[in-house]
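Biologist: I'm new to this one and would like to learn how to read it. Could you walk me through it, a feature at a time?

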Amino acid sequence: MKTTNFAIMLAAAGALAACGGSSKITEVDPAKNPKVFFAFDSSAISEDARTNLLGQSLYMKNNKDTKVQIAGNCDERGTAEYNLALGARRAEAAKSVMVKDGVESKRISTISYGKERPAVKGTGEAVWKWNRNATTTVK
């Protein structure tokens, strides 16, 4: 009896997990919503960034001739060398999401601008959060 109850509870938990984890990915035109953002000193992909990148991936799968470049960017803190390396990791992390989702790697190039191309000029977290990004450009 206990085994049967446990099996039923396990099946119910699995069904609930499957329902709760499903989110519909919608196509994102990289020309219209090209940026994903990162935490300070990180190249980890957040759930918001993953959703955006999977939407870009869907766009690329539906538009087979599209090629893109992903540029990694950083805020003004840190050395130029450190930020170039961090920007490269951010661009590669974004590319990795799209490649794992089925976009051919050769259709996505990456580049790092480090802190050399800030999206917003100024200083402080209100500005820096916008400069920590990976930006997709259609080529």
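Modeller: Let's start with one residue: Phe37 has a relative accessible area of 31%, so it counts as partly exposed. Keep in mind that this is a predicted model.

Biologist: What does Phe37 make together with Val120 and Trp130?

Modeller: Those three make a nonpolar patch on the surface, about 240 Å² in area. As for its place in the fold, Phe37 belongs to strand S1, residues 35–37.

Biologist: And how do I read strands in a sheet?

Modeller: The general idea is that strands pair through backbone hydrogen bonds, in either a parallel or an antiparallel way. Here, four strands form an open sheet in the order S1-S4-S2-S3, and the pairing is mixed. S1 and S3 (108–114) are the edge strands, each pairing on one side only. From one strand to the next, the twist averages 20°.

Biologist: In which sense do S1 and S4 pair?

Modeller: S1 pairs with S4 (residues 133–138) in the antiparallel sense, over three bridges. Phe37 takes part in this, with Asn133 in S4 as its bridge partner.

Biologist: Which helix packs on the sheet and touches S2, S3 and S4?

Modeller: That's H3, residues 80–100, and its direction makes about 155° with that of S3. Then there is H2, which lies across S1, S2, S3 and S4 and runs at about 155° to S1.

Biologist: How many helices and strands are there in the protein?

Modeller: Four helices and four strands. Along the sequence, the pattern reads α-β-α-β-α-β-α-β.

Biologist: Is Asn73 buried or exposed?

Modeller: Buried means under 20% relative accessible area. Asn73 has just 6%, so it is buried. Its place is in strand S2, residues 68–73. Beyond its close sequence neighbours, its contacts include Gly87, Tyr113 and Asn133. For the whole protein, 35% of the 139 residues count as buried.

Biologist: What about backbone angles?

Modeller: Generally, most residues other than glycine have a negative phi. Asp41 is not a glycine, yet its phi is positive, about 55°. You'll find Asp41 in the loop between S1 and H2 (47–62). With a relative accessible area of 40%, Asp41 is partly exposed.

Biologist: What about the protein's surface and contacts overall?

Modeller: The accessible surface comes to about 8300 Å², with 59% of that belonging to carbon and sulfur atoms. Among contacts with a separation of 6 or more, 76% join residues 24 or more positions apart.

Note on methods
Residues are numbered from 1 along each chain as its sequence is written. This is a predicted model: local features need pLDDT of at least 70, side-chain atom pairs count only at pLDDT 80 or more; totals for chains, interfaces and linings use all residues. Side-chain values use heavy atoms; hydrogens and water are left out. Helices (H or I, at least four residues) and strands (E, at least two) are DSSP runs, numbered from the N terminus. Buried means under 20% relative accessible area, exposed over 50%, partly exposed in between (1.4 Å probe, protein chains only). Contact means heavy atoms within 4.5 Å. Patches are made of residues with over 30% relative accessible area and no salt bridge: like charges are joined within 9 Å, nonpolar side chains (Val, Leu, Ile, Met, Phe, Trp, Tyr) within 5 Å. Accessible areas come from the Shrake-Rupley method with a 1.4 Å probe; for residues, only the protein chains shown count as cover. A salt bridge is a side-chain nitrogen of Lys or Arg within 4 Å of a carboxyl oxygen of Asp or Glu. Two strands pair if DSSP finds at least two bridges between them. Axes are lines fitted to C-alpha atoms, for helices over the stretch in contact, and angles run from 0 to 180 degrees between N-to-C directions. Lists of a residue's contacts leave out its neighbours within four places in sequence.
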